[in-house]
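Student: I am new to this structure and would like a close look at a single part of it. Please take me through that part in one connected answer.

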Amino acid sequence: LEVMVMEAIANARYLLMSCALSQKVDPALPLRHRMLMGLWITDEIFGVSVSVEGRLNPYYVYGMAAVATPGWALGTLTGVVLGNVLPARVVSALSVGLFGMFMSIFVPPAKQNRVIAALVVVSFAASWAFSALSWFDGISSGMKIIILTVVISLGAALLFPVKEEGAHEA
């Protein structure tokens, strides 16, 4: 059950990424383009797309997908092959690369937005607290991730809602 909940929450990020990017596309964009753009949303493509100023052209997303998808598949194949050939110590050391990739996604927006920067710091501190403090020893690592993801995301959404363009304060 824990794995199912964790997977649902982890994959819900695609729903959130798609919703965020839908605000950047022209409202008159045909459904077929919206569906194709949604099909190609990955963490990396979202990270680049969200930083585009103004409206997001679907062909920009298609271009990224044309490069990223074969690269991702080839990288996965290479990882599987090398993971079975390289010594375990080297494979373990290479796992740090995943953290570097995720940092490359959230560090640029955090440099430009104080709220994002503060949320990154809060996330790091809360994650450290959950792993270091004995109060949380009875909670499995998967459940800790679920709790942190839901609580921090919900708090950010409630405290710092994104204002619609052209929306007027009441």
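Student: How many residues does the largest nonpolar core have, and which residues have the most contacts inside it?

Tutor: The model is a predicted one. Its largest nonpolar core has 13 residues, and M37, L56 and V61 are those with the most contacts inside it. Two or more residues of this core come from each of α1, α3 (43-49) and α4. Helix α4 gives the largest share, 4 residues.

M37 is a useful place to start. Setting aside neighbours within four places in sequence, M37 is in contact with V25, L29, L56, P58, V61 and Y62. L56 and V61 thus appear both in that list and among the core residues with the most contacts.

Next comes Y60, which lies in helix α4 (residues 58-85). Y60 counts as partly exposed because its relative accessibility is 39%; buried would need a value under 20%. Between Y60 and M37 there are 9.6 Å in space, C-alpha to C-alpha, and the two are 23 residues apart in sequence. Beyond its neighbours within four places in sequence, Y60 is in contact with V48 and V52.

V52 leads on to K24, since K24 has V52 among its contacts too. K24 is in the loop that runs between α1 (2-22) and α2 (31-39). With neighbours within four places in sequence left out, the residues in contact with K24 are S49, V50, V52, G54, R55 and L56. K24 is buried but has no salt bridge. The nearest side chain of opposite charge belongs to E53, 6.6 Å away, whereas a salt bridge would require the charged atoms to be within 4 Å. A polar atom of the K24 side chain does lie 3.3 Å from the backbone oxygen of G54.

The 13-residue core is not the whole account. Apart from it lies another core, of 5 residues, among them A126, F136, L148 and I152. A126 is also one of the buried residues of α7, together with V120, A129 and F130. These buried residues of α7 pack against α6 (96-112) and α8 (141-159). Helix α7 itself covers residues 114-132, 19 residues in total, and spans 27 Å from its first C-alpha to its last, close to the 27 Å expected. At the N-terminal end of α7, N113 acts as a cap, with a side-chain oxygen 2.8 Å from the backbone nitrogen of V115.

Methods
Residues are numbered from 1 along each chain as its sequence is written. This is a predicted model: local features need pLDDT of at least 70, side-chain atom pairs count only at pLDDT 80 or more; totals for chains, interfaces and linings use all residues. Side-chain values use heavy atoms; hydrogens and water are left out. Buried means under 20% relative accessible area, exposed over 50%, partly exposed in between (1.4 Å probe, protein chains only). Lys and Arg count as positive and Asp and Glu as negative; His and the chain ends are not counted. A polar contact is a pair of N or O atoms within 3.5 Å; within protein, one must be able to donate a hydrogen and the other to accept it, and residues adjacent in sequence count only if both atoms are side-chain atoms. Contact means heavy atoms within 4.5 Å. The expected span of a helix is 1.5 Å times one less than its number of residues. A nonpolar core is a set of buried Ala, Val, Leu, Ile, Met, Phe, Trp, Tyr and Cys residues joined through side-chain atoms within 4.5 Å.
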